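Dear colleague,

I am passing on the structure below for you to look through beside the sequence. My notes on what was found in it follow directly after.

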Amino acid sequence: MNFNLVSPFLFLFFFLLQFTCILAQAPAMAPMPPTQSSAPASLPPSQPSAPASPPPTISSSPAPILSPVVASAPAPGPPGLPNVIKILAKAGSCSTFIKLLQITHEVGEITSLLNNSNSITMFVPSDGAFLNLKTGTLNSFSDQRKAELVKFHILPSYFSLSQFQTASNPVQTQAGGTTNREFPINIATNGTAVNITTGIVNASLTSTIYTDSQLAIYQVDKVLLPLKFFVKPLPPAPAPEPSKPKKDDPSSDSSSVNVVPSGATSLLPHTFQGMVYPGCFFFFSVCFVYMS
């Protein structure tokens, strides 16, 4: 009877023990987030916060206070140099002179002069002025002559229209000097008219193409032909011949003395004595006869 009562209890004990082990091995469920109500929760009244304690001071030298950097505007660069080719192309009727500037490379020299703050004045013949030249004149010039022709139209100084009135002739050009029929140019004014004389042609200023404080370009009605191209330079004056020493002239030398060789006696004193003594004797004889 006791065995029958103990068996069910033992069976129930083992069943509960097995169920407890199964529950211990199963994963725990994640907790559910708390549900939020639609109405905002009321916040408790804010309490004044206590002032924050200052950070501990570190003994170090204070950093220098730098003044604010103000970016200064860059200094303006030099104004652009005038482009002679563009100026002449814009003026028109200068295509022949533009070609001469390019084939002789004188445009580079002009740019270099302007870049070095040099002032120049240019006389530019029109295309019609080149057509009025004798046929073949321009083509007959060598490359050096063409370069000299271009330089002959450039003055190494600035001339305004009013400054032509005080020009000192002959005026020097970039081609060279003005002496010995080289590259002389004379400038004359008559009111507002300006005339240019080269010894070969007489030209006149017809208009002002461009002018500023450094460069002046004027158009002329004729090509300025240098005198050196057509007239040979004067030959150099012959050097004076050295003076020849004069030969000794015994008759003109007052200091010359006739030297009698030693051992010889001059006959002049004896001849003089032979003439004086008889004459005196004859004179006294005549006087004696006359007195007696």
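In this predicted model, strand 3 (residues 186-190) and strand 4 (residues 193-197) run antiparallel and are joined by five bridges. Within this pairing, Ile187 stands opposite Ile196 of strand 4. The two strands form a hairpin that leaves two residues between them, and Gly191, which lies in the turn, has a positive phi of about 75 degrees. When you look at the side chains there, please keep in mind that in a regular strand they alternate between the two faces of the sheet.

The other local feature that I would point out is a pair of helices. The axes of helix 2 (residues 84-91) and helix 3 (residues 95-103) come within 10 Å and cross at roughly 165 degrees; because angles over 145 degrees count as roughly antiparallel, the two helices are therefore described as roughly antiparallel to each other. Their crossing is left-handed, and the contact is made by Val84, Ile85, Leu88 and Ala89 on the side of helix 2, and by Phe97, Ile98, Leu101 and Gln102 on the side of helix 3.

As for the protein as a whole, its secondary structure comes to seven helices and six strands, which follow the pattern α-α-α-α-β-α-α-β-β-β-β-β-α along the sequence. Of the 292 residues, 24% are buried, and the protein exposes about 22,900 Å², of which carbon and sulfur atoms supply 63%. Among contacts with a separation of 6 or more, 65% are between residues 24 or more positions apart.

With best regards

Key:
Residues numbered from 1 in each chain as written. Predicted model: local features only at pLDDT ≥ 70, side-chain atom pairs only at ≥ 80, totals over all residues. Heavy atoms only, no water. Helix = DSSP H or I, 4+ residues; strand = E, 2+ residues; numbered from the N terminus. Buried < 20%, exposed > 50% of the residue type's maximum accessible area, 1.4 Å probe, protein only. Contact = heavy atoms within 4.5 Å. Areas by Shrake-Rupley, 256 points an atom, 1.4 Å probe, with all protein chains shown as cover. Pairing = 2+ DSSP bridges. Axes fitted to C-alpha atoms, helices over the stretch in contact; angles between N-to-C directions. Parallel < 35°, antiparallel > 145°, perpendicular 65-115°, else oblique. Left-handed = near helix turned anticlockwise from the far one by under 90°.
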